[in-house]
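I set out to record what covers one helix, and then to look up a surface patch and the cysteines.

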Amino acid sequence: MKTAFLHGELDEKIHMTQPEGFIKEGDKNKVCLLKKFLYGLKQSPRQWYKRFDAFIVENGHKRCKYDSCVYLKDTDTESIIYLLLYVDDMLIACKSKVEIVKVKEMLKGEFEMKDMGPASKILGMEILRDRTKDILAVTQKSYIAKVLKKFSMEKFKPMATPMAQHFKLSHQNSPKSEEADYIKNVPYANAVGSLMYVMICTKPDLAYSASLVSGYMGKLEKLHWEALKWILRYLKGTIEAGLLYKKHEESAGNVTGFVDSDYAGCIDTR
């Protein structure tokens, strides 16, 4: 979607100061009455969504109960078409290419659109396909590489596990006085946020370790930062790994997982 926020409809009166270069002599104290939305207004994203939502629902799509940016529609070809919206980016999925073309034409008739072709990357995720093997994979190789570079971890030795046994993290430990200046300059919260995004999108194997280190934002010591760096080193060693979807008759519909719960190992709660 090109210039998405400009498509919102005003439902209130908004004034703005005159832009530089357009002020007429003798009218310096006057203000402008907005007739259309501009980028920078806090209402713009919401009003754009309301406009898009009204249009897409009017054309037969149903809004998902669990995610307001996912729309579904039953087609004449007995398949479902999915439309996913993220601000001004959209993904369209359906078994029928004919139905996908119909939706694209409908959107082009209402908004100024740019067709990017088959989806290969969105929101930091790479989409890989091998139709001969019925394989679809989602990875975040580029995003993880940027995260490692951001925190100067790209040259460190990779680790084989997301968390090591020798990290005994606890809220009971207070940061040592000699660590205070070091901890103050550590981008801990930023790094945890990056880990959480990778975990949610493509790497559920980080679920335990990411949730563990995220619990010490308010009471941080050097050991916590060392544990977080260990997870980043694990990411380096598994940068190619992601989610793989494959047709397989024997295990169709089944998900296999493994867990090793050691509740007594938690110093804070046992």
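I looked first at the cover of helix 3: helix 5 (188-201) and helix 7 (222-237) are among the elements in contact with its buried residues (contact: heavy atoms within 4.5 Å; helices are DSSP runs of H or I, at least four residues, and strands runs of E, at least two, numbered from the N terminus). I note that the model is predicted, that local features need pLDDT of at least 70 and side-chain atom pairs pLDDT 80 or more, and that totals for chains, interfaces and linings use all residues. Residues are numbered from 1 along each chain as its sequence is written, and side-chain values use heavy atoms, without hydrogens and water.

I found Ile144, Val147 and Leu148 buried in helix 3 (residues 141-150) (buried: under 20% relative accessible area; exposed: over 50%; partly exposed: in between; 1.4 Å probe, protein chains only). They lie on the same side of helix 3 because they cover an arc of only 100° around the axis, taken from the directions from the axis to the C-beta atoms. On the face turned away from this buried side, I noted the exposed Lys146, Lys149 and Lys150. Just after helix 3, Ser152 has a positive phi of about 55°.

I next checked Ile80, which belongs to strand 5 (residues 80-86) and is partly exposed at 34% relative accessibility.

I then searched the whole structure for disulfides (cysteine sulfur atoms within 2.5 Å) and found zero. The sulfur of Cys69 is too far for a bond, because the closest cysteine sulfur, in Cys64, is 10 Å away. For Cys201, the closest cysteine sulfur is that of Cys69, at 15 Å, also too far for a bond. Cys201 is buried at 17% relative accessibility, whereas Cys69 is partly exposed at 28%.
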